[in-house]
Amino acid sequence: MGSYIPNTESDRREMLKFLGKSSVDKLFAAVPQGVKVKNLNLSSGLTELELSRKIKTIAQKNKVFPVIFRGAGAYRHYIPAAVKRICSAETFLTAYTPYQAEISQGILQGIFEYQTMICELTGMDVSNASAYDGASAAAEAVNMCSDIVRTDSTAGTRQNVYVSAASHPHVIQTIETYCFGYGINVSLVPCCADGKTDLRALEKILASDPNAGCFYLQSPNFYGLIEEVKDIAKKVHAAGALLVQGVNPMSLGIMESPGENGADIAVGEGQSLGLPLAFGGPYLGFMACKKNLMRKMPGRIVGETTDSRGERAFVLTMQAREQHIRREKASSNLCSNEALCALTAAVYLSVMGQEGFAEAGRQCHSKAVYAANKIREIPGFQLIYKGEFFNEFVSSCPDSEKVLRLLEEKNILGGYPLAKDRILWCVTEVNTKEEIDELVLLLSHANMPSSLPGVSR
C-alpha cells in the first residue's frame, strides 16, 4: 500500500501524536469490536507494473462488437473527433463541480451554454445543469410534479403519479424507488395491443382521481413507437395534472419537441449527445421545464448577469439541494451535476450544428425503416407493431437466444431480447447499408446454422 498511499509510517506517527493517540487502534477505540473487520482476506499488494498487466488481462475479457443493432436506452452514434479533443483539455477534464461557483466562470459558462441548447432542443424555457442519468431525471421530475402546490380549486399537493407501461423498464423502476422514499403513489397505465399507451384507460384514470399529480410518458417509447403526445397532453391538463415527457434527444432533430407537444417537463438520457457507450457510463440526465415550474426544479441552474464592472458574468441562480437551504424546503437531494458529460453534450451539439444534428436523426430513421422493411420479409420474422417509429422497432423471431448467439459468432451485437420470440432492434446513423444487408442475410439463415453465410470479422 505504501506505493499508492503517500502517508509514510513517520507521517502516521506524527498525526497520531497530534491527536494524542498512541496507535491506530486507540484512535478507533470507540468503534464496537463487533463491527470491526479483523481480516480482509486480500492478496498481497502489486507493483504498478504488475497491476497494469493484471488490469489489461481482465480488460481483454471484454468483447467490443464492431457492428451493433442494439439500443434499449444506450446508443452508438458518430462522435466527431473534435468533441473528445476539446473536452480532454485539462481545464475541463479535471474540473469536478463549482462549489465556489462564481470563481469557476469557465465551467459556469459551459453549463449555461448546455442549458441553452437543451432548452432549444426540448422547446422548454429553463434547463438545469443536468442530473446523474436519464432514469433519475425522470424520477426527479415526477417528484417535482407531486410537490407543486395548486392555486386553483384543487389546491394542495397531489401524491398520485401515473406512468405509461410503455416506458423503459429501468425508468419505471427508478421512478417507483424514488416515489417509495417520498411516500408518493405510483400506478402504471397499460399499453394497447399496438404497443402504445392506452388513451382510454388513461382518460378514465385521470377522470376518477382528483389527486393525480402527473403522467410520465416516453415518446419514442421503449418499443420505439411514437406516442400521441399532443392528445395525451390535453387529457392530462384537463384533469389538472402535469405531463412529463421522456424523449430520445436524437429524435428532436426531426420531430416536434416536448414543448411543442404540450409537455410541462422534458427529461431524457443524454448519452447519445457525444458520449460513447463506455461500458455503461458515466451518462447524463437532462431536464427542462416551463418557466412557471422553474422554482421547483431540482439541481442547479446557472444564470447570466453582469459583474461589478458591468461585464457579462455567470452565477448559480438557483439550487434546490438541502445543503444550501432548509431541509424541509428542499425539493431534492440532487447534490451535483454531470458537468463534464454536460459539457461534452454542448460541444457535440455545437460541432454537429443544426443541420448536422438533423441529418443524424434523418439517417437514424431512414436506415431503421430500411432495416425493418427488410426484416419483415424474412420467413419467421414480422413486425409486432405497425405504428410509426424513430429508430427502434420490435420483430418476432423463431428463437431470440439462438438468433442473437448466431449473430455474435459473426461479431454482430443483435437487438435486445424482449422474449423468446421477440427482439427490439435499433439502427443509428453509423450502421451502413452493407451492415444491414448482412444482418438480414444472417437472419434469413437463422434456422440453418450449418450454412451461415458471411465472413467473420
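Visitor: Why is Asn411 called buried?
Guide: This is a predicted model, so every value here is computed from it. Asn411 has 16% relative accessibility. Buried means under 20%. Asn411 therefore counts as buried.

Visitor: Where is Asn411 found?
Guide: Asn411 sits in the loop between helix H13 (400–409) and strand S12 (412–413).

Visitor: What is the phi of Asn411?
Guide: Phi is about 60°. That is a positive value, although Asn411 is not a glycine.

Visitor: Which other residue has a positive phi without being a glycine?
Guide: Ser130 is one, with phi near 110°. Ser130 lies in the loop between strand S2 (126–127) and H7.

Visitor: How do you know whether Ser130 is buried or exposed?
Guide: Check its relative accessibility, which is 0%. The cut-off for buried is under 20%. Ser130 therefore counts as buried.

Visitor: Strand S12 came up beside Asn411. What makes Leu413 of S12 a buried residue?
Guide: Leu413 has 16% relative accessibility. That value is under the 20% cut-off, so Leu413 counts as buried.

Visitor: What does Leu413 touch, beyond residues up to four places away in sequence?
Guide: Leu413 touches Phe65, Val67, Ile68, Phe69 and Arg70. As for Pro66, Leu413 and Pro66 are 347 residues apart in sequence. In space they are 8.3 Å apart, C-alpha to C-alpha.

Visitor: How many of the chain's contacts join residues at least 24 apart?
Guide: The share is 68%, among contacts between residues at least 6 apart in sequence.

Visitor: How many disulfides does a search of the whole structure find?
Guide: Zero.

Visitor: Why is Cys179 not bonded to Cys214?
Guide: The closest cysteine sulfur to that of Cys179 belongs to Cys214, and it is 7.6 Å away. A disulfide needs the two sulfur atoms within 2.5 Å. The pair is therefore too far apart for a bond.

Visitor: How do you know that Cys341 is in no disulfide?
Guide: The nearest cysteine sulfur is that of Cys87, 9.4 Å away. The limit is 2.5 Å, so Cys341 is in no disulfide.

Visitor: Are Cys179 and Cys341 buried or exposed, and what makes them so?
Guide: Cys179 has 1% relative accessibility. Cys341 has 7%. Buried means under 20%, so Cys179 and Cys341 both count as buried.

Visitor: Why is helix H7 called oblique to helix H8?
Guide: The axes of H7 (residues 134–146) and H8 (residues 169–182) come within 8 Å and cross at roughly 40°. Angles under 35 degrees count as roughly parallel, and 65 to 115 as roughly perpendicular. The value falls in neither range, so H7 is oblique to H8. The crossing is right-handed.

Visitor: Which residues meet there?
Guide: From H7, they are Ala135, Ser136, Ala138, Ala139, Glu140, Val142 and Asn143. From H8, they are His170, Val171, Thr174, Ile175, Tyr178, Cys179 and Tyr182. By type, the contact has nine nonpolar, four polar and one charged.

Visitor: What makes helix H9 roughly parallel to H10?
Guide: H9 (residues 199–208) and H10 pack at an angle of about 15°, with axes 9 Å apart. The limit for roughly parallel is under 35 degrees, so H9 is roughly parallel to H10. This crossing is right-handed.

Visitor: Which residues make the contact between H9 and H10?
Guide: H9 gives Leu199, Leu202, Glu203 and Leu206. H10 gives Ile232, Lys235 and Val236. They divide into five nonpolar, no polar and two charged.

Visitor: Where are cis peptide bonds found?
Guide: One joins Ser219 and Pro220, with omega about 0°. Pro220 is in the loop between strand S5 (212–218) and helix H10 (229–238). Another joins Gly281 and Pro282, with omega about 5°. Pro282 is in the loop between strand S7 (265–269) and strand S8 (285–289).

Visitor: What is Ser251 in contact with, leaving aside its neighbours within four places in sequence?
Guide: Pro220 and Phe390. Ser251 itself lies in the loop between strand S6 (242–246) and helix H11 (258–261).

Visitor: Why is Ser251 called buried?
Guide: Its relative accessible area is 0%. That is under 20%, so Ser251 is buried.

Note on methods:
Residues numbered from 1 in each chain as written. Predicted model: local features only at pLDDT ≥ 70, side-chain atom pairs only at ≥ 80, totals over all residues. Heavy atoms only, no water. Buried < 20%, exposed > 50% of the residue type's maximum accessible area, 1.4 Å probe, protein only. Axes fitted to C-alpha atoms, helices over the stretch in contact; angles between N-to-C directions. Helix = DSSP H or I, 4+ residues; strand = E, 2+ residues; numbered from the N terminus. Parallel < 35°, antiparallel > 145°, perpendicular 65-115°, else oblique. Left-handed = near helix turned anticlockwise from the far one by under 90°. Contact = heavy atoms within 4.5 Å. Nonpolar A, V, L, I, M, F, W, Y, C, P; charged D, E, K, R; others polar.
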